[in-house]
Structures are given as C-alpha cells and as structure tokens.
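Please walk me through this model in a viewer, one selection at a time, saying at each stop what should be selected and what is found there.

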Amino acid sequence: MKYYYKRIAASLLLTASLIGQVKLAVNTIPTRVDVHLDGINLGSSPIRNERVTPGVHKFEIKKKGYAPLTYDLLVNPAQAVQLDFFLNPVYKVRFKTEEKGLIFELNGEHRWDVQLVRLELEAGNHFLRVFKIGEIIDEQTIRVDEPKKFNYYLKKPLSEE
Amino acid sequence: MRMNQRILVHLILTFEIILGFNPEPTYLVLNYFDRDLPAAEQALIDNFSNSTFEFDPSIHHMFENIDNHENPAASHMVTIKELGEKYQVNYILFNRIEHINDRFILNGLLFNTRSGGLIHRRKIDLKQYLNGQINELNMWVGNTVGRVEKNWEKNRESILFSDPEEINYEKTPRGAAIRSLAAPGWGQAYSGKKVSAGLWASTESSLSLAAIISFLNYDKAAKSFLKNSKLYDGTNDEKEVADYRAAAENDWNDHKKYSQLAIVFAAATGTGWIANSIHAWIVGPRPYTNIYQQWNTK
C-alpha cells in the first residue's frame with residue numbers, strides 16, 4: 001500500500017513540476033545539430049517534447065561548416081514554443097587581384113592589401129569597399145553562394161584614339 | 001515603435017466564418033510588418049482561398065513588443081476577447097515581421113479568444129532571402145491552420161545555401177586529375193586549357209615513343225649480341241672470329257646505351273605522367289567570379 005502512496009506522491013510532484021513549464025520544440029536546417037539550452041545539451045535536432053520554464057533562456061547551436069548561432073529568448077508562460085533555426089554555411093573563399101596598391105574592406109570589418117587572401121565567409125551578401133591612396137574607388141555587394149575564388153579588376157578607361 | 005515603420009494590418013477571415021456554419025476552428029490573422037511587403041497580401045489571398053481581408057488600424061497597441069509586458073501571455077487578454085467576439089473566431093494569429101540588418105525575424109503568436117491567452121508562439125530568425133518573408137509567413141499561417149503546401153517547404157529548402165560538402169560540381173579538379181592520369185592532356189582539355197593539354201599530350205607522346213624505341217633498340221642489340229656471340233663461339237676462321245667479335249662488341253655497347261636510354265625515357269615518361277596529373281588538378285575547374293569595378297573614376 002505504501003508503494004502506491006509513494007507512486008501517487010511522485011506523480012503529483014512530477015505534475016507540479018511540469019505545471020508552468022512550456023513545451024519546447026526546436027527545428028533546425030540542417031538537421032542533426034546539437035542544441036544547447038543554457039549550456040545543457042538537449043540532443044540533436046529536431047527536438048520534441050522538451051520542457052522549459054518561462055523566463056530568459058540562451059540557445060546555442062553549432063555545427064561544423066556553419067556559422068554558430070546564439071539566441072536569447074524570453075519564454076512567455078505559453079502552452080508551447082516552437083523555434084526554427086536556419087544555420088548559414090561558411091564557405092572558403094579566395095579573393096585575388098592583379099591590381100596594385102588597392103586596399104579591400106569587407107563588411108566594414110576585415111581589411112587586406114595583399115593580392116591573394118583566403119577567407120571563410122558566411123553564405124550571403126557581403127559589402128565590399130575598395131580604397132586606393134586613401135580614397136574609396138569602389139563599393140559593391142558581392143554574393144557568396146559556394147566555395148569559390150573572386151578576381152577583382154579595375155575598370156580600365158576606354159582608349160581615346 | 002519607430003516612427004518610420006510602416007504598419008500593415010490585415011484581417012483574414014475564412015469564408016466559413018462569415019457564413020457562420022463551419023464547426024472547424026476559425027482564425028483571425030493579424031499581420032504587422034515593419035517594412036512594406038506588398039506581395040504578402042496577394043500571396044495570402046492566393047494561397048488561402050475562401051478568405052477575406054480587411055484593414056483595421058484600431059488595434060495598434062498589439063504592435064508593441066509583447067515581451068515588454070509584465071505578463072506577456074496575458075497582456076492582450078481583453079483585446080483578444082473583444083476581437084474574438086467582434087469577428088466570431090476561435091483563435092487569433094498575430095504575425096510580426098521585423099528586419100534587423102540583413103536578417104528578419106518572424107514572430108508568430110497564437111491566441112485563444114475564449115481565454116484571451118497566448119497558447120502558441122513561434123520565432124524564426126534567419127538571413128534574408130528573396131521573398132523569404134512571404135514564404136515563411138505562408139508556412140506559419142498554413143502550419144497553424146493545417147494547410148501547408150509542399151512547394152513552400154521546397155521553396156524554403158531551395159533558397160537556403162547548400163552545405164559545402166553536399167555541393168556537386170559538374171567538373172572538378174579531381175575529375176581533371178583522373179582524366180590526365182588515364183591519358184596525358186585529357187584533364188587539361190577537360191578544364192578548357194587547350195594549349196597545355198596539347199603540350200602535355202605531345203611531350204608525353206614523345207617521351208613514351210622515345211622510351212619504346214630505346215627499348216626496341218636495346219632488345220634488338222641484346223638479341224644481336226647473343227647471335228654474334230654464338231657465331232663467334234662456333235667458328236675457327238680467323239677473319240670471322242674478328243668480325244663476330246667486333247659485331248658482338250658493338251651490340252654490347254648498343255645494348256648498354258639503349259638500356260640506359262630506355263630507363264631514362266621511361267622514368268621521364270612516368271614522372272611526366274604524374275606531373276601532368278598534378279598539373280591537371282592544379283589548373284582543374286574551380287568556381288570563380290570576376291568582379292569589375294563599378295564606380296566611374298574620371
């Protein structure tokens with residue numbers, strides 16, 4: 001009889017602990033990505049039927065070959081939260097130019113003045129700015145959609161002859 | 001809320017709701033976009049037939065960030081209940097699309113009009129892609145009302161960038177190397193390097209031919225040496241002895257010379273063959289993009 005009381009008590013405790021928790025589902029593209037919630041590994045995506053307490057939580061999603069994603073989420077006291085994360089791949093890119101005396105800047109962050117540089121860039125659009133003798137001579141957006149090489153050329157003036 | 005934000009609110013009422021006889025759950029869909037998404041309205045009309053759209057700016061307080069409230073899930077209870085009664089719906093789906101730099105966030109909130117509480121929330125945070133907002137909006141609305149079309153999922157998959165390990169190229173440096181290993185110059189020709197293809201093919205052909213000729217001469221000299229040695233051993237004639245001896249000595253020298261040449265040419269052929277394959281890999285087809293200066297520098 002005592003055994004049944006213990007089971008009932010345990011069930012009640014479990015139910016009480018689950019009350020107020022929010023059902024959590026996490027989908028990722030690509031799948032089979034390790035999902036960490038507040039530093040605890042929830043397993044590989046897709047995550048189903050996990051529970052999370054209302055409040056601020058930090059998600060960390062990492063996969064080799066993809067840009068890591070960190071996401072702070074305030075979980076409201078709702079019935080369920082479904083999160084979709086899309087990881088963006090990182091591609092190996094070479095940037096080459098035969099032109100002399102140019103300085104390149106990408107996304108306002110990375111600068112280089114050598115003729116060949118190897119970069120690892122997140123897939124998508126990147127803003128390229130080109131300087132020559134301290135002046136901006138070109139600005140344009142380049143699209144990185146696969147591992148590849150970019151060759152940069154200056155526009156040559158048409159011959160006046 | 002920023003002053004320059006453009007607010008678009010659409011009310012979607014299913015046709016059955018208006019007629020008021022459908023026992024299926026009914027939804028009122030409210031959209032809030034921080035940027036003008038003119039195609040979104042038409043996409044929803046097209047994808048969710050039997051729906052009607054209205055514009056109602058009176059519920060502007062729902063545009064505020066729900067997370068700023070002390071009790072986010074219950075912060076709009078009164079409004080939700082009022083809207084539920086006004087439009088006679090079971091659920092209210094509130095979609096907020098906000099753009100932050102090169103990303104957009106779709107925040108989907110599903111409210112129950114009976115309790116007025118938030119019952120389901122979904123956030124999507126992703127890098128912008130062409131018409132991605134509209135596709136994601138369709139998917140979320142369709143997911144909630146149970147009408148997701150396959151092509152939306154395919155569309156999402158197709159616009160996402162590929163896993164670098166899963167990218168298949170029609171022509172690869174490895175393919176070029178293998179071809180050149182099979183036939184010198186083939187890999188270079190496969191990569192479109194016709195001059196180097198011709199050079200490698202002619203060089204390797206010449207070296208191979210030289211090695212074969214050297215070997216044939218070696219073989220001929222060796223056989224001739226054996227023949228002359230036999231004749232030398234079989235005669236006692238003084239003149240013949242001298243002739244066979246001279247011939248055998250010449251054959252011996254030739255056999256040594258052609259043996260060395262055959263080894264040198266064979267080694268050169270083999271080394272060149274491998275070098276040609278490595279060269280094919282180096283100059284093999286790789287994706288590239290030429291960027292030309294866009295600004296006019298006068």
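Begin by selecting B:Val89, which in this predicted model has a relative accessibility of 5% and therefore counts as buried, the cut-off being under 20%. B:Val89 sits in the loop that runs between helix 3 (77–87) and strand 4 (91–100) of chain B. If B:Leu28 is added to the selection, the two C-alpha atoms turn out to be 6.3 Å apart in space, although 61 residues separate B:Val89 and B:Leu28 in sequence.

Next, widen the view to the whole of chain B, where nine helices and seven strands are found. Of the 298 residues in chain B, 42% are buried, and the chain exposes about 17200 Å², of which carbon and sulfur atoms supply 55%. When contacts in chain B between residues at least 6 apart in sequence are considered, 62% of them join residues at least 24 apart.

Now select B:Phe33, B:Ala40, B:Leu93, B:Ile97, B:Leu106, B:Leu137 and B:Val141, the residues that touch the most other members of the largest nonpolar core, which has 23 residues. Strand 2 (27–33), helix 2 (38–47), strand 4, strand 5 (103–112), strand 6 (118–127) and helix 4 (132–145) of chain B each give two or more residues to this core, and helix 4 of chain B provides the largest share, with five residues.

Within that set, centre on B:Leu106 and display its surroundings: leaving aside neighbours within four places in sequence, B:Leu106 is in contact with B:Arg96, B:Ile97, B:Arg122, B:Lys123, B:Ile124, B:Gln133, B:Glu136, B:Leu137 and B:Trp140. Apart from the largest core lies another core, of 22 residues, and A:Val93, A:Trp112, A:Leu121 and B:Ile167 are among them.

From there, turn to the aromatic rings, which form 10 aromatic pairs over all chains. One of these pairs joins A:Phe95 and A:Trp112 in an edge-to-face arrangement, with 5.2 Å centre to centre and 75 degrees between the planes. Because A:Phe95 lies in strand 8 (residues 90–97) of chain A and A:Trp112 in strand 10 (residues 110–112) of chain A, the pair ties together parts that are 17 residues apart in sequence. Both A:Phe95 and A:Trp112 are buried, and adding A:Phe104, A:Phe150 and A:Tyr152 to these two residues shows one aromatic cluster.

For the last stop, return to chain B and select B:Arg179, which lies over the face of B:Tyr190 at 4.1 Å from the ring centre, and also over the face of B:Trp186, at 5.5 Å from the ring centre.

Technical notes
Residues numbered from 1 in each chain as written. Chains lettered and ligands numbered in written order. Predicted model: local features only at pLDDT ≥ 70, side-chain atom pairs only at ≥ 80, totals over all residues. Heavy atoms only, no water. Helix = DSSP H or I, 4+ residues; strand = E, 2+ residues; numbered from the N terminus. Buried < 20%, exposed > 50% of the residue type's maximum accessible area, 1.4 Å probe, protein only. Contact = heavy atoms within 4.5 Å. Areas by Shrake-Rupley, 256 points an atom, 1.4 Å probe, with all protein chains shown as cover. Core = buried A, V, L, I, M, F, W, Y, C linked by side-chain atoms within 4.5 Å. Phe/Tyr/Trp six-rings, centres within 6.5 Å; stacked < 30°, edge-to-face > 60°. Lys NZ or Arg CZ within 6 Å of the ring centre and 35° of its normal.
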